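Trainee: I would like a close look at one part of this protein, taken slowly and with its surroundings in view. Could you choose a single residue and build the picture outward from there?

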Amino acid sequence: MQNKVLVGTTIFLGVLFANTTAAVEKGDFLLRFGASNGVPKSDNHELVSAEAAASFTFTLSYMFTTNLSVELLGAYPFEHDITLVDGGAKVGQTKHMSPTVTVHYHFLPENRFKPYVGLGVNYTTFFDETTCGPFEGLDLKLGDSWGLAYELGADFMLNDTWLLNFSYRYIDLETHARLEHQSIGTVVVDPSLYSVNLGLRF
């Protein structure tokens with residue numbers, strides 16, 4: 001459902017702004033800030049599941065050319081509930097930060113509607129792991145992760161300075177979990193990140 005809404009909105013705004021111009025130039029910076037919802041894949045682990053979480057996110061991009069840019073993604077820490085696959089009881093919680101560097105290709109740099117695709121590298125570090133319910137009092141640790149990140153997005157120039165942005169990212173994220181210092185295997189999170197941002201060009 002979220003994918004359909006994102007694609008539908010992108011197509012609508014693309015048609016609306018297709019014949020107007022607001023060029024982005026080599027040397028420009030694009031600062032975007034807004035909200036993102038991180039939705040882990042459903043089959044994370046045979047024992048536990050990571051739940052969706054939302055947070056404040058921001059990006060800073062630099063235009064190397066009119067078509068190519070590099071972007072840094074940052075965020076206020078996401079906080080995910082951890083539940084049992086069998087029954088859905090909450091057994092813990094964790095926070096994480098996932099800075100990501102992405103190279104973008106912009107298809108229509110001269111238009112107000114500017115779709116782009118991106119490929120990058122993500123680093124995720126987990127911290128403040130806590131346990132509750134059936135796992136109350138047990139020590140939970142989640143290892144850091146490196147992985148690829150893929151992005152599809154679009155900027156909509158409201159004027160020469162301000163823009164509206166929508167993006168979708170898929171992040172290859174796996175973490176090794178330990179409970180009471182004993183390995184319980186790999187948790188395959190692989191989240192989809194849906195973002196809505198306001199931005200400015202300078």
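What follows is one connected answer, centred on a glutamate and the strands around it.

Mentor: Please keep in mind from the start that this is a predicted model, and that every value below was computed from it. As a frame for the close look, the protein chain has 202 residues, of which 46% count as buried, and its secondary structure comes to one helix and 14 strands. Among contacts in the protein chain with a separation of 6 or more, 66% are made by residues 24 or more positions apart. The accessible surface of the protein chain is about 10,100 Å², and carbon and sulfur atoms contribute 63% of that surface.

The residue I have chosen is E71, which is found in strand 4, a strand that covers residues 68-75. Is E71 buried or exposed? E71 counts as buried because its relative accessibility is 2%, and the cut-off for that word is under 20% relative accessible area. Setting aside the neighbours within four places in sequence, E71 is in contact with a list of residues that includes R32, T59, L60, S61, T100, V101, T102, H104, E151 and R169.

Part of that list can be read alongside the pairing of the strands. Strand 3, made of residues 53-63, runs antiparallel to strand 4, and seven bridges join the two. A hairpin of four residues leads from strand 3 to strand 4, and one of the bridge pairs sets M63 against S69 of strand 4. Strand 4 also pairs with strand 7, residues 100-106, in the antiparallel sense and over six bridges; here L73 has T100 of strand 7 as its bridge partner. In general, strands of a sheet pair through backbone hydrogen bonds, either parallel or antiparallel.

The side chain of E71 adds another kind of link. Side chains of opposite charge can pair when their charged atoms come close. R32 forms a salt bridge with E71, and the closest N and O atoms of that pair are 3.0 Å apart. R32 lies in strand 1, residues 29-39, and E71 in strand 4, so this pair ties together parts that are 39 residues apart in sequence. R32 is buried, as is E71.

A second arginine also meets this glutamate. E71 forms a salt bridge with R169, with 2.4 Å between the closest N and O atoms. R169 belongs to strand 11, residues 162-171, while E71 belongs to strand 4, so the pair ties together parts that are 98 residues apart in sequence. Both E71 and R169 are buried, and a polar contact of 2.4 Å also joins their side chains. Which residues are linked in a network of salt bridges? The network links R32, E71, E151, D155 and R169, and E151 also appears among the contacts of E71.

For a setting to hold against this one, consider a salt bridge elsewhere in the chain; the count comes to eight salt bridges. D128 forms a salt bridge with K95, the closest N and O atoms being 3.7 Å apart. This pair, too, links distant parts of the chain, with D128 in strand 8, residues 113-131, and K95 in strand 6, residues 90-97, the two being 33 residues apart. D128 is partly exposed because its relative accessible area is 47%, and K95 is partly exposed because its relative accessible area is 28%, whereas E71 and R169 are buried.

To finish, a brief look at the later part of the chain gives another example of strand pairing. An open sheet of three strands has the order 9-12-13, with antiparallel pairing. Its edge strands are strand 9, residues 140-142, and strand 13, residues 182-188, each of which pairs on one side only. Six bridges join strand 12, residues 174-179, to the antiparallel strand 13, and L179 has Q182 of strand 13 as its bridge partner. In the loop between strand 12 and strand 13 sits H181, which has a positive phi near 70° although H181 is not a glycine. H181 counts as exposed because its relative accessibility is 55%.

How values were computed: Residues numbered from 1 in each chain as written. Predicted model: local features only at pLDDT ≥ 70, side-chain atom pairs only at ≥ 80, totals over all residues. Heavy atoms only, no water. Buried < 20%, exposed > 50% of the residue type's maximum accessible area, 1.4 Å probe, protein only. Contact = heavy atoms within 4.5 Å. Areas by Shrake-Rupley, 256 points an atom, 1.4 Å probe, with all protein chains shown as cover. Polar contact = N/O pair within 3.5 Å; in protein donor to acceptor, adjacent residues only side chain to side chain. Salt bridge = Lys/Arg side-chain N within 4 Å of Asp/Glu carboxyl O. Pairing = 2+ DSSP bridges.
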